[in-house]
Amino acid sequence: MKAIIFCRFAKIFLFKISKYLSSFLTMTTQQLIDQIKIKKSFLCVGLDVDLNKIPSHLLELEDPIFEFNKAIIDVTHDLAVAYKPNTAFYEAYGIKGWQSLQKTINYINENHPEIFTIADAKRGDIGNTSTMYAKAFFEDLNFDSVTVAPYMGKDSVEPFLAFEDKHTIMLALTSNEGAFDFQTLNVGGKELYQQVMETSKTWQNSKNLMYVVGATKAEYFTAIRKIVPDSFLLVPGVGAQGGSLKEVCQYGMNANVGLLINSSRAIIYASKGTDFAEKAREEALKMQQEMEVILG
């Protein structure tokens, strides 16, 4: 009986120690740049898991979402510099989905701490609520970064920026068709997204800001780079949404590359068979090799 109690206390102690130590394993911008150079890649793999699209044999497992993610991570970690779970795909499955997300981020942090992690949550609310969102993703889950919506302004974003060792990725010019409803409206002689980006540079700890810019808006990258020449841009929309990697790099790349090109469906759903991981690696390798050529 004493042995059982001791084992339980030992597990709790080790868990708390691992959580404490993991808080120091935060990835800096320079480390991200170093990984890009080492891997000759600036690929971000989006882990957007839909149980209706994953191979059916995985559905027999206790946690099919995590097992799917684990398989994808195991075959792409040498090709990718970042992973980006979209939290909606986990929240949709309730507590089990959230547990799958936690197991996924823990697996990445424990086995591949050199990889940059992005919680694609698109959060944004009044200050005290944003603080709680930031704590959830930065402290509890220990993501390196989280995506946020800036519509409510400074006091909805700065609570995320208050975490000086973390990165806040702000929506700027998105890849969806509805982006033109508001983001490109003329506001005082500037398009709204430009005003948002310029204003964000005045916020506390803005050096840790990154920005979401859709690949389908490649012609806008020149103007964006005039506003944020040194910032990293998270770029969805290459592949399934029709964005051009070559054009994005032509207009958006800076001296440190400054781009994280996200691909989700084209990689993770390359096959619905038992060879899904193998096919995912093939697609990721194609993108990495294209990136290597661009990097020279």
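# Walking through a predicted barrel model

Guide: Lysine 40 lies in the loop between helix 2 (29–39) and strand 1 (43–46). Keep in mind that this model is predicted.

Visitor: OK, what is phi of lysine 40 near?

Guide: Phi there is near 50°. That is a positive value in a residue other than glycine.

Visitor: And what sign does phi have in most residues other than glycine?

Guide: Most residues other than glycine have a negative phi.

Visitor: Is lysine 40 buried or exposed?

Guide: Lysine 40 is partly exposed, because its relative accessible area is 38%. The partly exposed class runs between 20% and 50%.

Visitor: Which loop holds valine 257?

Guide: Valine 257 sits between helix 11 (245–252) and strand 10 (259–263). Its phi is near 75°, again a positive value in a residue other than glycine.

Visitor: Is valine 257 buried or exposed?

Guide: Valine 257 is buried, with a relative accessible area of 9%. Buried means under 20%.

Visitor: Let's go bigger. How do the strands fit together?

Guide: Eight strands form a closed barrel. The order is 1-2-3-4-5-8-9-10, and the pairing is parallel. From one strand to the next, the twist averages 30°.

Visitor: Does anything pack on that? Which strands does helix 6 touch?

Guide: Helix 6 (residues 127–140) packs on the sheet. It touches strand 3 (116–123), strand 4 (145–148) and strand 5 (167–173). The direction of helix 6 makes about 155° with that of strand 3.

Visitor: And what does helix 11 lie across?

Guide: Helix 11 lies across strand 9 (233–235) and strand 10. It runs at about 165° to strand 10.

Visitor: Back to strand 1. Which residues of strand 1 are on each side?

Guide: Leu43 and Val45 are on one side. Cys44 and Gly46 are on the other. All of these are buried, and both faces of strand 1 are covered.

Visitor: Why do the sides swap like that along a strand?

Guide: In a regular strand the side chains alternate between the two faces of the sheet.

Visitor: How many bridges join strand 1 to strand 10?

Guide: Three, and the two strands run parallel. Cysteine 44 stands opposite asparagine 262 in strand 10.

Visitor: What about strand 1 and strand 2, how many bridges there?

Guide: Strand 1 pairs with strand 2 (residues 82–84) over three bridges, in the parallel sense. In strand 2, alanine 82 stands opposite cysteine 44. Lysine 84 stands opposite glycine 46.

Visitor: Through which helix does the chain cross from strand 1 to strand 2?

Guide: Through helix 3. This β-α-β crossover is right-handed.

Visitor: Now strand 4. Which residues point which way?

Guide: Ser145 and Thr147 point one way from strand 4. Val146 and Val148 point the other way. All are buried.

Visitor: How many bridges join strand 4 to strand 3, and how many to strand 5?

Guide: Three bridges join strand 3 to strand 4. Four join strand 4 to strand 5. Both pairs run parallel. Valine 148 is the bridge partner of arginine 123. Threonine 147 stands opposite isoleucine 169 in strand 5.

Visitor: Which helices go into the β-α-β units with strand 4?

Guide: Helix 6 makes a right-handed unit with strand 3 and strand 4. Helix 7 (residues 154–161) makes a right-handed one with strand 4 and strand 5.

Visitor: New topic. How many residues has helix 13?

Guide: Helix 13 (residues 276–295) has 20 residues. It reaches 28 Å from its first C-alpha to its last, close to the 28 Å expected.

Visitor: Which residues of helix 13 are buried?

Guide: Phe276, Ala277, Ala280, Ala284, Met287, Gln288 and Met291. They lie on the same side of helix 13, because they cover an arc of only 100° around the axis.

Visitor: Why can residues spread along a helix share a side?

Guide: An α-helix has 3.6 residues a turn, so residues three or four places apart point the same way.

Visitor: And what covers the buried residues of helix 13?

Guide: The cover includes helix 2, strand 1, helix 3 (64–76), helix 11, strand 10 and helix 12 (265–268).

Visitor: Last one: serine 263. Where is it, and is it buried or exposed?

Guide: Serine 263 is in strand 10. It is buried, with a relative accessible area of 2%. Beyond its neighbours within four places in sequence, serine 263 is in contact with Leu43, Cys44, Val45, Gly46, Val238 and Met287.

Note on methods. Residues numbered from 1 in each chain as written. Predicted model: local features only at pLDDT ≥ 70, side-chain atom pairs only at ≥ 80, totals over all residues. Heavy atoms only, no water. Buried < 20%, exposed > 50% of the residue type's maximum accessible area, 1.4 Å probe, protein only. Expected span 1.5 Å × (residues − 1). Arc of directions from axis to C-beta. Contact = heavy atoms within 4.5 Å. Pairing = 2+ DSSP bridges. Axes fitted to C-alpha atoms, helices over the stretch in contact; angles between N-to-C directions. Right-handed = clockwise from strand over helix to strand, strands pointing away.
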